[in-house]
Amino acid sequence: MSSIPISQEGYTLMKKELESLKRQRPEVSEAIRLAREEGDLRENGGYHAARERQGMMEARIGFIEGRIARYNVIDMKAVGGEKVCFGATVELEDVESGDKRRYTVLGPDETGFCKGSVSVLSPVGQAILGKTVGDEVVIMVPRGRVEYEVLSIEFNGPAFAPAD
């Protein structure tokens, strides 16, 4: 069982999502019960919608519970250095076009929470890990091979503030 990196903020958001989903269970069960009372289940749209919602919700709960046990929670205030690693904010420049991109390297389960982030497990994340300022890196993207230069590496602490 391999560990999955996640920031403290991302971990907090995943725990909150899990708690919220668990709190919704009685509501969904009640919707199923009420729809069942309407009669014929074969053509009962409300029943089928409630059952689908329940299935998706339970799948997400199972997913999160399985992941939480594997999380390696990383304090973003404690990371730093000269090389790209988890928690780094990296500025890259496309060598050919001069376009610049800025990414914060985070765990795969939290990149949706933080705009401008990239998963440490994604092709981009994997390609830039361990690089230093001035290094060139080749990344395969849907349009083909793109060469970037690492312009800067920063460690800014928490990548995002969890919503309360």
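**Figure 1. Glu-30 and Arg-33 within helix α1.** Glu-30 and Arg-33 are three residues apart in helix α1, which means that about one helical turn separates them. In this predicted model, their side chains form a salt bridge with an N to O distance of 2.6 Å. Glu-30 is partly exposed, at 34% relative accessibility, and Arg-33 is also classed as partly exposed, at 36%.

**Figure 2. The salt bridge of Glu-65 with Lys-22.** The side chains of Glu-65 and Lys-22 meet at 2.8 Å, N to O. Glu-65 belongs to helix α2 and Lys-22 to helix α1 (residues 8-36), so this salt bridge ties together parts that lie 43 residues apart in sequence. Glu-65 has a relative accessibility of 37% and counts as partly exposed. Lys-22 is partly exposed as well, with a value of 34%. A search of the whole structure gives eight salt bridges.

**Figure 3. Surroundings of Arg-67.** Arg-67 is a residue of helix α2, which spans residues 45-68. Its side chain forms a salt bridge with that of Asp-109, at 2.8 Å from N to O. This pair connects distant parts of the chain, 42 residues apart, since Asp-109 sits in the loop between β4 and β5 and Arg-67 in helix α2. Asp-109 has a relative accessible area of 15%, and because this is under 20%, the residue is buried. Arg-67 is likewise buried, at 16%. Apart from neighbours within four places in sequence, Arg-67 contacts Ile-4, Pro-108 and Asp-109.

**Figure 4. The five-stranded sheet.** The strands of this open sheet follow the order β5-β4-β3-β7-β6, and their pairing is mixed. At the edges are β5 (117-119) and β6 (136-141), each of which pairs on one side only. The average turn between neighbouring strands is 45°, direction ignored.

**Figure 5. Strand β3 and its partners β4 and β7.** Strand β3 (residues 89-94) runs antiparallel to strand β4 (residues 100-106), and five bridges join the two. Val-90 has Tyr-103 of β4 as its bridge partner, while Glu-93 is matched with Lys-100 of β4. Five residues lie between the strands in the β3 and β4 hairpin, where Gly-98 adopts a positive phi near 85°. β3 also pairs with strand β7 (residues 144-154), through six bridges in the antiparallel sense. Here Glu-91 stands opposite Ser-152 of β7.

How values were computed:
Residues numbered from 1 in each chain as written. Predicted model: local features only at pLDDT ≥ 70, side-chain atom pairs only at ≥ 80, totals over all residues. Heavy atoms only, no water. Helix = DSSP H or I, 4+ residues; strand = E, 2+ residues; numbered from the N terminus. Contact = heavy atoms within 4.5 Å. Pairing = 2+ DSSP bridges. Axes fitted to C-alpha atoms, helices over the stretch in contact; angles between N-to-C directions. Salt bridge = Lys/Arg side-chain N within 4 Å of Asp/Glu carboxyl O. Buried < 20%, exposed > 50% of the residue type's maximum accessible area, 1.4 Å probe, protein only.
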